[in-house]
Protein chains: 2
Amino acid sequence: MSESARLLFGGIEGGGTKFVCAVGTGDGEILAERRFPTTTPDETLARVVAFFKEQIQVLGPLASIGVASFGPLDPRPASAAFGYILLTPKPGWAHADIVAPLHAAIGVPIAFDTDVNGAALGEWRWGAARGLDTFIYLTIGTGIGGGALVNGKPIHGLLHPEMGHIPLPHDKVLDPFESICPFHPDCFEGLASGPAMEKRWGQKAEMLPPDHPAWELEAKYIALALRSFICTLSPQRIIIGGGVAKQPQLLPLVRSKTVASLNGYVQSPAILKEIDSFIVPPSLGGRAGVLGAIALAQQALYSATSSL
Amino acid sequence: MSESARLLFGGIEGGGTKFVCAVGTGDGEILAERRFPTTTPDETLARVVAFFKEQIQVLGPLASIGVASFGPLDPRPASAAFGYILLTPKPGWAHADIVAPLHAAIGVPIAFDTDVNGAALGEWRWGAARGLDTFIYLTIGTGIGGGALVNGKPIHGLLHPEMGHIPLPHDKVLDPFESICPFHPDCFEGLASGPAMEKRWGQKAEMLPPDHPAWELEAKYIALALRSFICTLSPQRIIIGGGVAKQPQLLPLVRSKTVASLNGYVQSPAILKEIDSFIVPPSLGGRAGVLGAIALAQQALYSATSSL
């Protein structure tokens with residue numbers, strides 16, 4: 001295929017500490033990439049625009065751009081607040097308009113969704129969720145977030161899921177630790193995120209040895225959360241990424257505890273017999289974020305409602 | 001429109017104690033209806049077939065039939081177990097094939113889904129969820145079940161949701177009652193279904209006076225469950241039906257406790273300002289089940305994958 005016939009897409013992974021921008025093909029090949037720290041919205045978006053303008057000169061025009069961002073945000077194209085970050089404690093970013101300035105500067109359709117919905121879409125196109133229609137992408141690290149595709153489309157609904165904030169049973173006799181979430185005394189993120197582990201045990205999660213009791217407790221909370229998600233969303237697979245989930249001793253514990261917590265109630269061989277391929281790590285690694293953004297860009301191109 | 005040009009649909013509400021069969025139009029008008037007790041699968045399905053054969057003689061041919069049934073069941077048309085009830089304690093119904101005998105006898109496409117996915121679809125076509133794309137239909141009565149549409153389609157995924165079996169925080173100091181679910185020590189159904197209320201308080205839920213502390217506790221558990229569903233599915237509305245939810249003092253308590261439990265985290269006016277139209281009773285009343293089945297039948301007609 002000649003270079004001119006190949007469609008190019010832009011991807012922006014908007015994180016709380018860094019932005020990653022890339023230009024890629026529809027096959028998941030990345031042709032150019034740049035990362036810089038997240039400062040003010042104006043300065044950060046100016047760098048994003050400069051990157052894409054340079055790349056368009058070198059590589060040719062982009063068909064569309066996808067933004068997979070930290071939230072909360074409004075991903076619903078029909079909404080008046082589409083394209084905005086909502087109220088966030090991150091200085092300067094509350095009510096920041098992301099999509100309109102990019103569209104004004106670059107003039108292509110801009111897709112906009114959460115980082116985790118983006119990662120889910122990327123894993124569906126090129127990773128651990130190929131061939132599925134209904135699954136969850138969960139990240140367990142500094143925070144806990146979840147994205148999902150149902151029948152092949154990301155969940156938006158009211159805004160987007162906030163899977164880190166479901167309530168969980170918390171036995172204070174076994175675990176007297178108080179949730180660190182400023183909003184909820186008993187939520188998944190407040191009990192099981194990296195900072196919660198660090199505060200509970202006095203050292204960073206990745207420094208705790210594999211046989212430390214921290215991991216049994218962590219797996220117990222994750223398994224309760226997965227049971228909640230399984231009973232609500234009926235996913236065909238759950239992909240678990242993020243810094244905490246990288247510890248190799250964790251997922252085997254999570255698998256056995258999830259099966260035990262469901263206790264045979266969901267009669268699917270995926271859970272009863274094939275749990276190792278039901279609860280899995282991501283397969284896109286460090287490029288998941290920006291590939292997810294490129295997958296969003298592709299989706300925007302083929303969906304009339306997502307273009308401005 | 002002439003009678004001959006009007007499409008007719010069959011609907012079957014398959015309940016644990018009774019079956020309701022109906023023939024209706026695509027506008028939700030019911031032309032004929034019959035109900036009989038649920039006995040053995042053979043006897044019950046024979047009565048279903050006899051009803052539809054009679055009605056076809058009188059009213060004309062059916063375009064399709066929808067079955068909205070108790071579960072667990074397999075609603076995935078591509079599955080080998082499509083159309084079957086799965087393992088159930090209900091005598092005689094484990095592994096009962098529902099769809100194939102109906103299709104063999106009547107020869108039209110048969111749609112098959114859970115009672116609650118059917119009810120969700122009915123409320124979407126003609127009831128409290130018109131115009132939405134992502135919402136939940138919850139029933140709180142003898143059991144607790146939930147159906148949902150996401151982006152306008154029922155959730156199947158692995159099989160179907162089992163929303164009554166999410167884990168909930170259970171403070172045994174405030175509520176020493178043990179869950180009545182034989183599978184889960186801490187699930188929504190085990191703590192908050194009608195039989196759980198009856199066992200906890202020594203009388204049927206509908207006999208407890210409106211100012212009885214039972215309702216505060218019941219609303220607390222329902223609100224925790226709704227927070228879990230909201231954070232996972234991001235619904236635009238939650239419809240709550242079922243015998244327990246009919247008590248008029250309950251929904252106002254559930255609304256205020258759900259807002260309190262989310263504690264401002266989900267930044268949507270639907271929750272922050274319009275909770276009365278976010279958590280609502282069903283609007284189809286006693287016909288919800290059979291209208292849901294008719295809505296399934298319509299969907300089957302327009303979806304190639306749902307016909308046999």
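What follows is a short chat about reading strands, a buried serine and the cysteines in this predicted model.

Colleague: Let's start with the sheet in chain A. In what order do the strands sit?

Modeller: Read across the sheet rather than along the sequence. In chain A, 5 strands make an open sheet, ordered S3-S2-S1-S4-S5, with mixed pairing. Strand S3 (30-37) and strand S5 (110-114) of chain A are the edge strands, as each pairs on one side only. On average, neighbouring strands of this sheet are turned by 15 degrees against each other, ignoring direction.

Colleague: And what about side chains along a strand?

Modeller: As a general idea, side chains in a regular strand alternate between the two faces of the sheet.

Colleague: In which sense do S1 and S4 of chain A pair, parallel or antiparallel?

Modeller: Parallel: strand S1 (residues 8-14) and strand S4 (residues 64-69) of chain A share 6 bridges. For one of the residue pairs, look at Gly14(A), whose bridge partner in S4(A) is Ser69(A).

Colleague: Which helices lie across those strands?

Modeller: Try helix H2 (residues 99-106) of chain A, which lies across S1, S4 and S5 of chain A and runs at about 155 degrees to S5(A). Helix H9 (residues 288-301) of chain A lies across S1, S2, S3, S4 and S5 of chain A, at about 130 degrees to S1(A).

Colleague: Over in chain B, how do I read the S2 and S3 hairpin?

Modeller: Check the pairing, then the turn. S2 (residues 18-25) and S3 (residues 30-37) of chain B are antiparallel over 7 bridges, with Gly24(B) opposite Ile30(B). There are 4 residues between the strands, and Gly28(B) has a positive phi near 85 degrees.

Colleague: Now Ser234(A). Is that serine buried or exposed?

Modeller: Ser234(A) is in the loop between helix H6 (213-233) and strand S9 (238-241) of chain A. Its relative accessible area is 2%, so Ser234(A) counts as buried.

Colleague: What does its side chain reach in chain B?

Modeller: A polar atom of the Ser234(A) side chain lies 2.6 Å from the backbone oxygen of His156(B). That side chain also reaches the backbone nitrogen of His160(B), at 3.3 Å. Contacts of Ser234(A) beyond its sequence neighbours include Thr134(A), Gly157(B) and Pro161(B).

Colleague: Last one: how many disulfides are there?

Modeller: The search of the whole structure gives 0 over all chains. Take Cys231(B): the closest cysteine sulfur, in Cys187(A), is 8.2 Å away, so it's too far for a bond. Cys231(B) is buried at 1% relative accessibility, and Cys21(A) is buried at 0%.

Note on methods: Residues numbered from 1 in each chain as written. Chains lettered and ligands numbered in written order. Predicted model: local features only at pLDDT ≥ 70, side-chain atom pairs only at ≥ 80, totals over all residues. Heavy atoms only, no water. Pairing = 2+ DSSP bridges. Helix = DSSP H or I, 4+ residues; strand = E, 2+ residues; numbered from the N terminus. Axes fitted to C-alpha atoms, helices over the stretch in contact; angles between N-to-C directions. Contact = heavy atoms within 4.5 Å. Buried < 20%, exposed > 50% of the residue type's maximum accessible area, 1.4 Å probe, protein only. Polar contact = N/O pair within 3.5 Å; in protein donor to acceptor, adjacent residues only side chain to side chain. Disulfide = S-S within 2.5 Å. Lists of a residue's contacts leave out its neighbours within four places in sequence.
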